[in-house]
Amino acid sequence: MNILLLGFTLLGGVMLSAQSSINGAFSQKAGALESTFLTFFTGMLILALAILFFGQGNVLLLLEAPRWQLSAVLFGVSYLFLTILAVPQIGVTAVSIATVIGQLAAGMVIDHIGAFGGVVVPLDGKRLLGLLAMLAALYFVYRGNTRKDVSASSDSIAS
């Protein structure tokens, strides 16, 4: 089962990169806020239907959640908006690596202090070395970026 979940997670990463690229291109015509809105609005509609037909929980319990837990919504919206702004400027690969580095750095701090009721995993030299290696990867990917104007060819995909 775990190998299946890893495969699904890899597929999710592929879809996230495709979404970033498509939203970045869409934002150049419609705007970053509008692209973010469309993504979340469409997602809300799809999830509302999924909850209606397949939901097994109690949606009203959302009203009883502590406010700090609801702040995760703002993080998700902010992440998508910032990704939509960045992709057209620095590319999907640099944005993806920067996102992972941000996740790793925050995750290391969260693990180290056991925030949000999580398990405590002390920050050590090996973990810091891994983070530094990711920063080096980001540097080389970003420095290797060569920007080409593909606006004519990207519009032809839809035709």
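Begin by selecting helix α2, residues 32-54, in this predicted model. At 1.5 Å a residue its 23 residues should span 33 Å, and the C-alpha atoms at its two ends lie 32 Å apart, so the expected span and the modelled one agree. Within α2, now pick out Ala-32, Ser-35 and Thr-36, which are buried. An α-helix has 3.6 residues a turn, so residues three or four places apart point the same way. To see what the buried residues of α2 pack against, add α1 (2-30) and α4 (72-90) to the selection, since these are the helices that they meet.

Stay with helix α1 and select Val-14, which has its place there. Is Val-14 buried or exposed? Its relative accessibility is 56%, and because the cut-off for exposed is over 50%, Val-14 counts as exposed. Val-14 also belongs to a nonpolar patch on the surface, so the next selection to make is the whole group: Met-1, Ile-3, Leu-4, Leu-5, Leu-6, Phe-8, Leu-11, Val-14 and Met-15. With a surface representation switched on, these residues together present about 990 Å² of accessible area.

Next, move to Arg-127 and Asp-111, and show their side chains. Arg-127 forms a salt bridge with Asp-111, and the closest N and O atoms of the pair are 3.3 Å apart. Colouring by helix shows that the pair links distant parts of the chain, with Arg-127 in helix α6 (residues 125-143) and Asp-111 in helix α5 (residues 92-113), 16 residues apart. How exposed are the two partners? Arg-127 is partly exposed, with a relative accessible area of 24%, and Asp-111 is likewise partly exposed, with a relative accessible area of 24%. The count for the model comes to one salt bridge.

Finally, clear the selections and show the chain as a whole in cartoon form. The secondary structure comes to seven helices and zero strands, and from the N terminus on the elements run α-α-α-α-α-α-α. Taken along the principal axes, the C-alpha atoms fill a box of roughly 50 × 50 × 35 Å. Of the 159 residues, 14% count as buried, and the chain exposes about 12100 Å², of which carbon and sulfur atoms supply 73%. If contacts are drawn for pairs with a separation of 6 or more, residues 24 or more positions apart account for 65% of them.

Conventions:
Residues numbered from 1 in each chain as written. Predicted model: local features only at pLDDT ≥ 70, side-chain atom pairs only at ≥ 80, totals over all residues. Heavy atoms only, no water. Helix = DSSP H or I, 4+ residues; strand = E, 2+ residues; numbered from the N terminus. Expected span 1.5 Å × (residues − 1). Buried < 20%, exposed > 50% of the residue type's maximum accessible area, 1.4 Å probe, protein only. Contact = heavy atoms within 4.5 Å. Patch = residues over 30% accessible without salt bridge, like charges linked within 9 Å, V, L, I, M, F, W, Y side chains within 5 Å. Areas by Shrake-Rupley, 256 points an atom, 1.4 Å probe, with all protein chains shown as cover. Salt bridge = Lys/Arg side-chain N within 4 Å of Asp/Glu carboxyl O.
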